[in-house]
Amino acid sequence: MEIKLPSINGENKYVKDKNSIVLIGANGSGKTRMSIWIDNNNPKIKIHRISAQKSLNMPSNVKPSEMKTAEENFYNGYSGGFKEPDKFTTNSYRWGGKPETHLLNDFDKLMELLMTEQYQKVIEYREEHKAGNKKFTNETKLEK
């Protein structure tokens with residue numbers, strides 16, 4: 001994977017072969033603006049930007065759904081209705097049209113995604129063991 005960064009002195013900069021980027025800095029130092037720039041200028045890369053969490057609200061209950069639905073809800077803030085998500089619709093739905101300042105609380109969507117993956121992998125594990133494949137294993141993100 002190659003993630004484009006803003007150019008410095010006209011020279012293009014990239015982060016290569018990394019799965020995650022963490023931006024650390026003081027209040028007002030430009031972390032949010034930088035992350036929005038990275039998101040908007042790397043359209044072919046699935047980017048999940050985590051906002052500052054001022055208050056954490058865990059859902060009281062979670063229901064698994066279809067994996068595609070859970071992923072779309074978590075990454076884009078919506079599910080279905082669009083053939084291919086783009087930055088405009090993600091900014092509108094996930095970030096409430098204000099990607100710089102919207103207070104995001106997506107723990108319910110994260111838990112839906114984790115529980116959906118757990119549920120699907122349990123079924124897969126059961127089917128493999130019923131078929132006689134006793135060595136089959138499939139670790140979930142919750143287990144990790």
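Reader: Which residue follows α2, and is its phi positive or negative?
Author: G77 follows α2. The phi of G77 is positive, near 85°. Helices here are DSSP runs of H or I with at least four residues, strands are runs of E with at least two, and both are numbered from the N terminus.

Reader: Is this model predicted or not, and how are residues numbered?
Author: This is a predicted model, where local features need pLDDT of at least 70, side-chain atom pairs count only at pLDDT 80 or more, and totals for chains, interfaces and linings use all residues. Residues are numbered from 1 along each chain as its sequence is written, and side-chain values use heavy atoms, with hydrogens and water left out.

Reader: Back to α2. Which residues of this helix are buried?
Author: Helix α2 covers residues 67-76, and A70, E72, N73, F74 and N76 are buried there. Buried means under 20% relative accessible area, exposed means over 50%, and partly exposed lies in between (1.4 Å probe, protein chains only).

Reader: New topic. How many aromatic pairs are there?
Author: The whole structure has 2 aromatic pairs. In one, F74 and Y75 have ring centres 5.2 Å apart and planes at 70°, so this pair is edge-to-face. Rings of Phe, Tyr and Trp (its six-membered ring) pair if their centres lie within 6.5 Å; planes under 30 degrees apart count as stacked, over 60 as edge-to-face, and the rest as tilted.

Reader: What is the relative accessibility of F74? And what about the relative accessible area of Y75?
Author: F74 has 8% relative accessibility and counts as buried. Y75 has a relative accessible area of 23%, so Y75 is partly exposed.

Reader: Which residues form the tilted pair?
Author: Y78 and Y93. Their rings are 4.8 Å apart centre to centre, with 55° between the planes. This pair links distant parts of the chain. Y78 is in the loop between α2 and α3 (87-93), and Y93 is in helix α3, 15 residues apart. Y78 is buried at 7% relative accessible area, while Y93 counts as partly exposed at 45%.

Reader: Switching again. How many salt bridges does the search find?
Author: It finds 8 salt bridges in the whole structure. A salt bridge is a side-chain nitrogen of Lys or Arg within 4 Å of a carboxyl oxygen of Asp or Glu. One of them joins E11 and K13, at 3.5 Å from N to O. E11 is partly exposed, at 47%, and K13 is partly exposed too, at 30%.

Reader: What does K141 form a salt bridge with?
Author: With E117, the closest N and O atoms being 3.7 Å apart. This pair also links distant parts of the chain: E117 is in helix α4, and K141 is in the segment after α4 (107-130), 24 residues apart.

Reader: Is K141 buried or exposed? And E117, buried or exposed?
Author: K141 counts as exposed, at 55% relative accessibility. E117 counts as buried, at 7%.

Reader: Which residues are in the salt bridge network?
Author: E117, K121 and K141 are linked in a network of salt bridges. Another bridge joins E127 and R126, with closest N and O atoms 3.7 Å apart. E127 is partly exposed at 41%.

Reader: Last one. Where does T116 lie, and what is T116 in contact with?
Author: T116 lies in helix α4 and is buried, at 0% relative accessibility. Leaving aside neighbours within four places in sequence, T116 is in contact (heavy atoms within 4.5 Å) with P64, S65, E66, M67 and A70.
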